[in-house]
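Colleague: I would like to know what stands behind the labels people put on a model like this one. Could you go through them with me?

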Amino acid sequence: MQDGKMDDARHLLEEFARSGFNLPLDFLWIIGMAGWAEVAIACGDPQYAEPIFDRLAPWADQLPYIDLSTEGPVSLYLGGLSAVLGRHG
């Protein structure tokens, strides 16, 4: 992520944290949380990675997608968040 964009991403994560890391519980929830996981991974900040990890963990075996497009299973995002959290086991 470009340096200027990193500050923007961190600011958006701060706003998301203030919301309690809550998204509407609808069919797009898992897509949204996967997107936030990507941002938290790029920022490398455990403060944001842990609550997102906790929310996504029950869905580790799911595949978020819209139409026929996906970026990978939830477990992929959990692996990235685990790395940010220093959980290498």
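Modeller: Gladly! Helices are DSSP runs of H or I with at least four residues, strands are E runs of at least two, and both are numbered from the N terminus. With those names in place, Phe21 is found in the loop between α1 and α2. This is a predicted model, in which local features need pLDDT of at least 70, side-chain atom pairs count only at pLDDT 80 or more, and totals for chains, interfaces and linings use all residues. Residues are numbered from 1 along each chain as its sequence is written, and side-chain values use heavy atoms, with hydrogens and water left out.

Colleague: Why does Phe21 count as buried?

Modeller: Buried means under 20% relative accessible area, exposed means over 50%, and partly exposed is in between (1.4 Å probe, protein chains only). Phe21 has 9% relative accessibility, so it counts as buried. Its backbone deserves a glance too: phi is positive, about 60°, although Phe21 is not a glycine.

Colleague: And what makes Arg55 partly exposed?

Modeller: Its relative accessible area is 29%, so Arg55 falls between the two limits. Arg55 lies in helix α3. Contact means heavy atoms within 4.5 Å, and leaving aside neighbours within four places in sequence, Arg55 is in contact with Gly20, Phe21, Asn22, Trp29 and Met33.

Colleague: How many aromatic pairs are there in the whole structure, and how do you know that Phe16 and Trp36 are stacked?

Modeller: A search finds three. Rings of Phe, Tyr and Trp (its six-membered ring) pair if their centres lie within 6.5 Å, with planes under 30 degrees apart stacked, over 60 edge-to-face and the rest tilted. For Phe16 and Trp36 the centres are 4.3 Å apart and the planes at 10°, so this pair is stacked. The two rings come from distant parts of the chain, 20 residues apart, with Phe16 in helix α1 (residues 3-18) and Trp36 in helix α2. Phe16 is buried because its relative accessible area is 5%. Ring pairs also join Phe16, Trp36 and Phe21 in a cluster.

Colleague: Why are α2 and α4 called roughly parallel?

Modeller: Axes are lines fitted to C-alpha atoms, for helices over the stretch in contact, and angles run from 0 to 180 degrees between N-to-C directions. Under 35 degrees counts as roughly parallel, over 145 as roughly antiparallel, 65 to 115 as roughly perpendicular and the rest as oblique. The angle for α2 and α4 is about 30°, with axes 9 Å apart, and the two helices are therefore roughly parallel. From α2, Ile30, Ala34, Ala37, Glu38, Ala40 and Ile41 make the contact, and from α4, Val74, Tyr77, Gly80, Leu81 and Val84.

Colleague: Is Ser82 buried or exposed, and what tells you?

Modeller: Ser82 is buried, because its relative accessibility is 13%. The residue sits in helix α4. Beyond its neighbours within four places in sequence, Ser82 is in contact with Phe53 and Arg87.

Colleague: What makes you say that Arg87 lies over the face of Phe53?

Modeller: A charge sits over a ring if NZ of Lys or CZ of Arg is within 6 Å of the ring centre and within 35 degrees of the ring normal. Arg87 lies over the face of Phe53 at 4.9 Å from the ring centre. Phe53 of α3 is also among the residues that make the contact with α4.
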